[in-house]
Amino acid sequence: MGRVKARNGILSITPYVPGKPVEEVQKEYGLTDVVKMASNENPLKTSPKAMAAMRAELEKVYMYPEGSSPDLRAALALRHGLNPDQFMVGNGGDHVIAMITEAFVNEGDEVIMALPSFKTYELATIIIGGRIVGVPVDSESLTIDLEAMLAAITDRTKLIFLCNPNNPTGTIVRQREVDAFLDRVPERCLVVFDEAYREYAEAPDFPDGLDYVKRHKNVIVIRTFSKVYGLAGQRIGYAAAPQAIMDTLNRVLPPFPANRVAQAGALAALNDDDFLREVLRVNREGREYLEAEFSKLGMTYSESQANFIFVDLKHNAADLAEKLLKKGFILRPGGPWGYPSSFRVTIGTPEENKRFITALNALLN
Ligand SMILES: Cc1ncc(COP(=O)(O)O)c(C=O)c1O
């Protein structure tokens, strides 16, 4: 009697391990007060305008949503000077990533990505039968090495994921290098800019992926409402692309990819400039504080332009993260990314950051 076999390659996948949910840590360790600094969520929670819009929308959840999120796409188009049909809204950036590989990657096609970068690219590539081509980041600065990515392109390359700012290192690639990079990528290769953290980037020469959507035929930009807008639990993100690319991408869009409440929340959040400003201020100050404290402890970190810091503790990070977990702080150790002495810490509120540093100091002394 034969057994039901998985599709080729599926059993080689190590399932994605997200940051532990607060509820799980509370139950496991009997804690009431848990600070999650593991999933780059928004410490100021959610835009109040989005909350009000979502509460009102709850009355209508007996009806299916508008499948293509027309109001949100119109608002995005107006804001970014593109056509509404150049946007696609999905059930979070993760879903958009999966749709991109589904629509474009054939079995055996090569997909280039930085190492380390966002794990979902690996998952989406293997599920579809593509081949992962990992290109290590620069060993000193931990920035994505665009020259090495260009050198990795072969006749089988279909897609390149470029996470900017990069998760987990927080580093960015800059306008001039990206301009030159795109000029040298063959048009048969799709370049996917994942800009989940773009709002946090402060460098004046941080490139806007949407400018490339306007100028190039082979570019997709991914963005999300999970981070700066505080809607991670609602699952809503989007892609923008030149029309021909979007026409292909739309073929794999399920009927109702983004729920009604999420669409209402995202639309309202997009217009909540006060919330956005406050989020960015708290993040900037938190980053400066945490970096200064890490330096005092002799730790080093890559230059972050995001809402998290990738810090080299010079200690076994998994051990330290476990000890911090017992004290109610959830961190993301760097072992799975190949950095066993580092962890990624999400910048919290000023109070959370201080409590975390106090706990860290206590453990190290
Ligand atoms: C780089 C990057 N891209 C995409 C996502 C997906 O975000 P979401 O699926 O919550 O929209 C994340 C989430 O952590 C991320 O870090």
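These legends accompany close-up views of a predicted model, first around its ligand and then around M54.

**View 1. The shell of residues around the ligand.** Let's start with the surroundings of the ligand, where 13 residues gather. Those that come nearest are G93, D194, T224, S226 and R235. Sorted by class, the shell holds five polar residues, four nonpolar ones and four charged ones.

**View 2. Polar contacts between the protein and the ligand.** Here we look at individual atom pairs. The backbone of G93 places an N or O atom 2.6 Å from an oxygen atom of the ligand. N167 takes part through its side chain, with an N or O atom 2.8 Å from a ligand oxygen atom. For D194, a side-chain N or O atom lies 2.6 Å from a nitrogen atom of the ligand. On its own the ligand has 390 Å² of accessible area, and the protein covers 92% of that.

**View 3. M54 in helix α2.** Now we move to a single residue of the helix that spans residues 48-57, helix α2, where M54 is found. Is M54 buried or exposed? Its relative accessible area is 9%, which is under the 20% limit, so M54 counts as buried.

**View 4. The neighbours of M54.** Leaving aside residues up to four places away in sequence, M54 touches T46, L231, Q234, V261 and G265. Take a moment to find G265 in this group: 211 residues separate M54 and G265 along the chain, yet their C-alpha atoms are 5.2 Å apart.

How values were computed
Residues are numbered from 1 along each chain as its sequence is written. This is a predicted model: local features need pLDDT of at least 70, side-chain atom pairs count only at pLDDT 80 or more; totals for chains, interfaces and linings use all residues. Side-chain values use heavy atoms; hydrogens and water are left out. A residue is near a molecule or strand if one of its heavy atoms lies within 4 Å of it. A polar contact is a pair of N or O atoms within 3.5 Å; within protein, one must be able to donate a hydrogen and the other to accept it, and residues adjacent in sequence count only if both atoms are side-chain atoms. Accessible areas come from the Shrake-Rupley method with a 1.4 Å probe; for residues, only the protein chains shown count as cover. Ala, Val, Leu, Ile, Met, Phe, Trp, Tyr, Cys and Pro count as nonpolar, Asp, Glu, Lys and Arg as charged, and the others, Gly among them, as polar. Helices (H or I, at least four residues) and strands (E, at least two) are DSSP runs, numbered from the N terminus. Buried means under 20% relative accessible area, exposed over 50%, partly exposed in between (1.4 Å probe, protein chains only). Contact means heavy atoms within 4.5 Å.
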